[in-house]
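Work through the following exercises with the sequence and the structure open beside you. Try each task before you read its solution.

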Amino acid sequence: MARLIYGTAYDGMIRFSVTDSKDVVQELRERHKLSYLPTVVLGRLISASMLVIPWLGERETITFVISGNGPAGTVVAQSTWKGTVRGYITNTSFELERNEFGKFDVKSAIGGGDLTVVRDVGLKTPFVSKVPIVSGEIAEDVAYYYTKSEQIPSAFALGVLMDKEGVAKAGGLAVQILDRSIPEQVISGIEGRLNSFAITNFLGEKSLEEIAKHVLGTEKLLLEEMNVVFQCLCSREKAFESLKVLDLSDLDEMLGEGKAEVTCKWCSTTYTFGPDEIKMAIEEKKKIESQES
């Protein structure tokens with residue numbers, strides 16, 4: 001479970017959120033059996049998806065999809081207005097040499113490509129926006145999306161620190177300017193502090209409230225807090241339905257093997273189906289095809 005604080009400052013001119021996402025990132029690492037660099041990459045994106053939860057409307061779900069040409073492949077993080085998150089990365093095991101700063105080379109892991117943001121507010125068709133990857137460091141890319149596509153000046157700071165035991169620290173901070181009439185010295189002060197800010201240097205040393213006050217440069221915050229948990233939407237019933245997407249030849253082959261396995265990409269849970277269930281899927285598949293013909 002992750003703790004998330006959020007609120008406003010400067011009489012509502014700025015909104016912010018800060019999270020300690022260590023436990024959730026560690027759970028993702030264990031579920032997907034991630035090596036170090038994939039943990040850092042997915043951990044950053046999942047932390048970003050947590051930070052925007054307070055900004056979602058009722059029943060809204062937001063999905064960030066990084067489609068890069070680097071070794072990380074596709075990286076996906078999804079969060080809901082209820083405070084749940086889930087995510088995955090297609091390449092779960094790879095490492096690169098550290099960058100010039102001696103840190104994990106997330107930029108090279110992502111490479112070039114696009115960040116797609118899908119906002120599902122319960123209508124028939126979700127809202128889909130796509131922006132180019134401008135950094136590959138993820139924080140700058142998510143900030144660019146909000147600044148460019150939603151016209152809200154934004155800044156994000158994301159970090160995942162690894163040790164021999166796994167995830168040592170993970171978290172993030174987000175700041176958005178809601179009123180552009182805010183004094184310039186306030187903005188320049190925040191920018192200056194963010195330029196030398198690393199969230200992992202503060203986590204464990206300062207409270208989330210202290211981190212927010214430091215970056216925003218004020219003690220006067222209106223804030224709330226919530227817990228964010230990993231939760232997948234998969235089920236045995238949904239896994240069975242996915243069998244009917246397969247070709248009959250594939251189902252017959254599985255029947256011959258005596259079992260079928262469906263693994264959820266979001267949480268790595270594997271559902272196993274026996275011969276009777278495979279036969280049922282085949283019969284239902286035949287009915288569907290006969291109705292379509």
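## Exercise 1: One glycine and its surroundings

Leaving aside residues up to four places away in sequence, Gly113 touches Ser67, Gly68, Pro132 and Ile133. The model used here is a predicted one.

**Task.** Find the element in which Gly113 is found, decide how exposed Gly113 counts as being, and state how far apart Gly113 and Ile133 are in sequence and in space.

**Solution.** Begin with the element: Gly113 is found in strand β6, which covers residues 113–120. Next, take the accessibility, and recall that buried means under 20% and exposed over 50%, with partly exposed in between. Because its relative accessibility is 29%, Gly113 counts as partly exposed. Finally, compare the two kinds of distance: Gly113 and Ile133 are 20 residues apart in sequence, while their C-alpha atoms are 5.5 Å apart in space.

## Exercise 2: The chain as a whole

**Task.** Describe the protein chain by its helices and strands, its box, its buried share and its contacts.

**Solution.** Count the elements to start with: the protein chain has ten helices and twelve strands. Then consider the extent of the chain, whose C-alpha atoms fill a box of roughly 70 × 45 × 30 Å along the principal axes. Of the 293 residues, 49% count as buried, and the chain exposes about 14500 Å², of which carbon and sulfur atoms supply 49%. As a last step, look at contacts with a separation of 6 or more, where residues 24 or more positions apart account for 64%.

## Exercise 3: Two partners of one strand

**Task.** Work out in which sense β1 and β10 pair, and in which sense β5 and β10 run.

**Solution.** Take β1 (residues 2–9) before the other strand: it pairs with β10 (residues 221–230) in the antiparallel sense, over eight bridges. Within this pairing, Ala2 has Val228 as its bridge partner in β10. Now turn to β5 (residues 84–89), which runs parallel to β10 and is joined to it by two bridges. Here Val85 has Phe230 as its bridge partner in β10.

## Exercise 4: The buried side of a helix

**Task.** Check whether the span of α10 agrees or disagrees with the expected value, and then say where around the axis its buried residues lie.

**Solution.** Helix α10 has 18 residues (residues 275–292), so at 1.5 Å a residue it should span 26 Å, and this agrees with its end C-alpha atoms, which are 26 Å apart. The buried residues of α10 are Ile278, Ala281, Ile282 and Lys285. They cover an arc of only 100° around the axis, and therefore they lie on the same side of α10. The other side of α10 has the exposed residues Asp276, Lys287 and Gln291. To complete the picture, ask what the buried residues pack against: these partners are α8 (236–243), α9 (248–257), β11 (260–263) and β12 (270–273).

**Task.** Which residues of α5 are buried, and what covers them?

**Solution.** The buried residues of α5 (residues 184–195) are Val186, Ile187, Gly189, Ile190 and Leu194. Seen down the axis of α5, these residues fall within an arc of 160°, so they line one face of the helix. The face turned away from this buried side carries the exposed residues Glu184, Gln185 and Asn195. What covers the buried residues of α5 includes β2 (14–20), β8, β9 (166–177) and α7.

## Exercise 5: Salt bridges across the chain

**Task.** Identify the salt-bridge partner of Arg3, and then find two partners of Arg119.

**Solution.** Arg3 forms a salt bridge with Glu209, the closest N and O atoms being 2.4 Å apart. This pair links distant parts of the chain, with Glu209 in helix α7 (residues 208–216) and Arg3 in strand β1, 206 residues apart. Next comes Arg119, which forms a salt bridge with Glu60, where the closest N and O atoms are 2.6 Å apart. Since Arg119 lies in strand β6 and Glu60 in the loop between α2 (36–51) and β3 (61–68), the pair ties together parts that are 59 residues apart in sequence. Both Arg119 and Glu60 are buried. The side chain of Arg119 also meets that of Glu150 in a salt bridge of 2.4 Å, N to O.

Notes:
Residues are numbered from 1 along each chain as its sequence is written. This is a predicted model: local features need pLDDT of at least 70, side-chain atom pairs count only at pLDDT 80 or more; totals for chains, interfaces and linings use all residues. Side-chain values use heavy atoms; hydrogens and water are left out. Helices (H or I, at least four residues) and strands (E, at least two) are DSSP runs, numbered from the N terminus. The expected span of a helix is 1.5 Å times one less than its number of residues. Buried means under 20% relative accessible area, exposed over 50%, partly exposed in between (1.4 Å probe, protein chains only). The arc is that of the directions from the helix axis to the C-beta atoms. Contact means heavy atoms within 4.5 Å. Two strands pair if DSSP finds at least two bridges between them. Accessible areas come from the Shrake-Rupley method with a 1.4 Å probe; for residues, only the protein chains shown count as cover. A salt bridge is a side-chain nitrogen of Lys or Arg within 4 Å of a carboxyl oxygen of Asp or Glu.
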